[in-house]
Protein chains: 2
Amino acid sequence: MTSNPFPVVDIHTHMYPPEYVKILENRSDIPLIRRFAGAKDPRYIILPAEAESLDKAGEDGAPLPGRPVTSHYSSLQQKIHFMDTHRIDISVISLANPWLDFVATSEAASTAVSVNEEFESMCASQPGRLYFFATLPLTAPQGELLSAIDFVKGLKHCRGVILGTSGLGKGLDDPELIPVFKALAKNGLTIFLHPHYGLPSEVWGPRATAEYGHVLPLALGFPLETTIAVARMYLAGVFDEVPDLRMLLAHSGGTLPFLAGRIESCIVHDGHLVREGKVGSGRRTVWQVLKEQIYLDAVIYSEVGLKAAIDASGVDRLMFGTDHPFFPPLTSDEQGEWESMTWNKTAVEKALGEGSEGTKAVMGGNAVKILRLSEDA
Amino acid sequence: MTSNPFPVVDIHTHMYPPEYVKILENRSDIPLIRRFAGAKDPRYIILPAEAESLDKAGEDGAPLPGRPVTSHYSSLQQKIHFMDTHRIDISVISLANPWLDFVATSEAASTAVSVNEEFESMCASQPGRLYFFATLPLTAPQGELLSAIDFVKGLKHCRGVILGTSGLGKGLDDPELIPVFKALAKNGLTIFLHPHYGLPSEVWGPRATAEYGHVLPLALGFPLETTIAVARMYLAGVFDEVPDLRMLLAHSGGTLPFLAGRIESCIVHDGHLVREGKVGSGRRTVWQVLKEQIYLDAVIYSEVGLKAAIDASGVDRLMFGTDHPFFPPLTSDEQGEWESMTWNKTAVEKALGEGSEGTKAVMGGNAVKILRLSEDA
């Protein structure tokens with residue numbers, strides 16, 4: 001498929017390989033997968049608000065918590081069907097949140113090996129169509145964590161790693177992570193930064209859980225979490241300390257393109273930072289880091305947001321994605337067209353023009369170049 | 001000054017009248033104003049992170065908490081000087097956060113009367129140059145709160161009210177607020193929605209307080225708080241229930257223009273909302289509410305964000321602002337030019353073209369029309 005001069009590439013698309021599903025099925029705390037009597041599919045329960053109703057779930061017609069684990073989660077055949085239905089040539093698949101963040105220290109490294117090998121084997125079975133972002137054993141001792149980076153760089157279809165915002169437990173501005181970032185940068189492995197933890201649930205207010213579904217934590221909590229994580233890395237100087245670090249931000253950077261101006265203003269007007277000499281003339285601005293070390297996906301569902309993302313990072317740094325298998329259609333056939341594809345594709349075409357060079361770049365050309373998707377395929 | 005066919009209007013500009021400063025000086029919990037030995041100006045301490053260091057403040061050369069209360073906070077002469085320096089014809093002034101949110105129930109109504117009369121008298125003393133957003137006694141019994149709306153609508157220079165996100169304590173999606181919103185709408189009083197509470201401080205991580213100054217709570221916490229508040233109102237159906245409600249969102253809507261697409265996607269893909277029949281064909285989308293009931297200020301410090309705000313709400317719904325007296329210049333004369341003016345003005349000119357109709361509209365024309373600033377001046 002890479003002979004197609006204008007391939008469509010989906011860089012934000014998740015898989016739950018069977019090995020990982022088993023781990024989730026054996027858990028009693030979130031994240032977990034549980035079967036309920038009378039329900040066709042098991043349910044994946046991931047958000048704190050969903051766990052609250054876990055004990056009463058299924059009783060007296062109470063709605064089931066979480067979301068159904070359909071064949072879209074684990075079936076490679078289903079992923080290929082989704083790609084074919086939506087004319088996606090190449091997918092760069094990744095484990096979905098919360099990855100291995102919850103795995104015990106002693107089991108993390110071996111679990112990561114088995115998950116990453118499962119991803120490599122899926123990619124190898126579909127020549128030219130699949131690459132992947134590997135999963136890191138963040139709860140493992142640092143030596144094992146660095147070894148895991150060595151291991152995944154040797155996997156033929158691995159092009160980077162997917163990373164949450166908790167890092168080793170203290171966030172991505174934790175100095176202990178610098179060797180990890182350096183090892184990833186040295187090996188040309190792009191970090192796909194993805195949210196999971198959202199915001200403390202009290203910010204959604206007393207009506208949210210019962211009345212607003214998952215809208216607030218997913219629509220606002222996720223992008224805000226990403227924005228906070230990357231702003232903390234910026235303020236900690238991580239991008240300067242690891243100049244070869246390359247980071248792809250989920251959901252078009254959360255809200256970073258929109259708020260970069262305010263972040264800059266707050267920095268140059270901050271008494272503490274000015275006194276510490278951190279606002280000098282040598283400082284690289286957020287705008288520079290956006291254009292030099294950050295890539296954004298195009299999962300933003302409107303041309304308004306997409307244009308801001310393009311303005312912030314440049315049309316050569318955006319990459320199309322779908323977030324499959326999340327957000328399935330609820331009122332039409334799951335095997336048919338998904339709005340996660342059509343809304344995001346329409347946004348690109350409205351922002352850049354149907355068939356334009358810019359649209360071709362965002363829809364696939366950028367990903368092929370940035371993630372070297374024509375190699376070894 | 002309103003005879004100027006292209007006036008520059010600042011609709012986001014705060015004052016702390018002497019009466020209000022006295023209240024803050026008498027408090028021992030944040031928000032408070034305190035004097036420290038050897039410091040020229042008293043300090044205004046407002047953020048939880050600043051209160052943590054209050055006990056040790058000033059000892060052994062430890063930096064003073066909060067920010068200096070300079071003449072820019074309370075002096076009308078200084079406000080006029082700022083306006084003249086930056087060629088601002090008209091300012092729509094408002095009390096700054098946290099307004100009267102902390103005032104005891106029994107004192108709220110009378111405090112609001114005295115603060116609002118002080119604002120009216122400031123405006124009357126500068127014919128044609130000042131209007132104001134009044135302050136509501138939200139902790140007062142509802143009867144007194146509704147009377148306060150009746151009172152301020154009779155003040156000649158009042159054009160709306162400034163409102164925080166806590167409402168009566170449960171947020172702006174609290175059904176108890178509907179009569180308040182209806183009374184404001186009926187009287188043609190625009191709500192200026194402004195953040196104060198930010199996000200729970202744990203989201204900034206262990207390094208924030210000591211190392212990143214106020215950047216994260218101000219640059220991210222504030223706009224995220226506004227976005228959450230307005231999203232909750234939208235999901236609660238407030239905009240449908242009070243169709244004449246008009247709301248001006250601080251900081252270009254927080255992040256609403258950028259995230260509106262994702263909010264829409266999360267709504268139509270939410271199982272709970274679909275089951276409840278809330279995603280039917282009659283639903284007004286976030287985009288429609290943005291264009292029909294919401295105004296945005298232009299306090300976003302970059303043309304990237306400003307363009308998204310214009311794309312989301314329309315060029316006829318944006319209004320210029322400075323956030324004076326916050327964010328004073330730290331490395332140049334406070335009596336000279338402020339970047340809060342120049343960055344935001346440059347953003348408008350870059351987005352819409354210097355001297356263009358759009359620029360004139362955003363810089364002042366919209367405010368004159370929307371807030372009726374040529375009346376009674």
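Here are some notes on this predicted two-chain model, mostly about how chains A and B meet.

1. Let's start with the annotated region. UniProt, in an unreviewed entry, lists residues 115-373 of chain A as "domain: Amidohydrolase-related". Across that stretch the chain is 48% helix and 10% strand, and its end C-alpha atoms sit 21 Å apart.

2. Next, the symmetry. A turn of 180 degrees with a shift of 0.0 Å along the axis lays chain B on chain A, at an RMSD of 0.0 Å. That is the relation of a two-fold axis. The two copies also use the same surface, as 100% of the contact residues of chain B recur in chain A.

3. Now the extent of the interface. On each side 72 residues take part, 72 of chain B touching 72 of chain A. About 6200 Å² is buried between the chains, and carbon and sulfur atoms account for 71% of that area. If you want three residues to look at in the viewer, try B:F258, B:R262 and B:H269: together they supply 15% of what chain B buries against chain A, more than any other three residues.

4. The polar side of the interface is worth a look too. Between the chains there are 18 residue pairs in polar contact, with both residues at pLDDT 80 or more, and two salt bridges. One of the salt bridges pairs A:D311 with B:K307, whose closest N and O atoms are 3.7 Å apart.

5. Which elements of chain B give two or more residues to the side that touches chain A? They are α8 (208-211), α9 (215-235), α11 (256-268), α12 (271-275), α14 (303-313) and α15 (339-352). Of these, α9(B) gives the most, with 13 residues. Sorted by class, this side of chain B holds 42 nonpolar, 16 polar and 14 charged residues.

6. Finally, a few backbone details you may like to check. Most peptide bonds are trans, and most residues other than glycine have a negative phi. In chain A, however, a cis peptide bond joins A:I30 and A:P31, with omega about 0 degrees; A:P31 falls in the loop between α1 (18-25) and β2 (32-34). Chain B has a cis peptide bond between B:I30 and B:P31, with omega about -5 degrees, and B:P31 lies in the loop between α1 (18-25) and β2 (32-34) of chain B. A:D323 has a positive phi of about 70 degrees although it is not a glycine. You will find A:D323 in the loop between β11 (318-319) and α15 (339-352) of chain A.

Key. Residues numbered from 1 in each chain as written. Chains lettered and ligands numbered in written order. Predicted model: local features only at pLDDT ≥ 70, side-chain atom pairs only at ≥ 80, totals over all residues. Heavy atoms only, no water. UniProt positions renumbered as here; feature names shortened; annotations may be inferred. Helix = DSSP H or I, 4+ residues; strand = E, 2+ residues; numbered from the N terminus. Contact = heavy atoms within 4.5 Å. Buried area = accessible area lost by both parts, 1.4 Å probe. Salt bridge = Lys/Arg side-chain N within 4 Å of Asp/Glu carboxyl O. Polar contact = N/O pair within 3.5 Å; in protein donor to acceptor, adjacent residues only side chain to side chain. Nonpolar A, V, L, I, M, F, W, Y, C, P; charged D, E, K, R; others polar. Least-squares fit on C-alpha atoms with pLDDT ≥ 70 in both.
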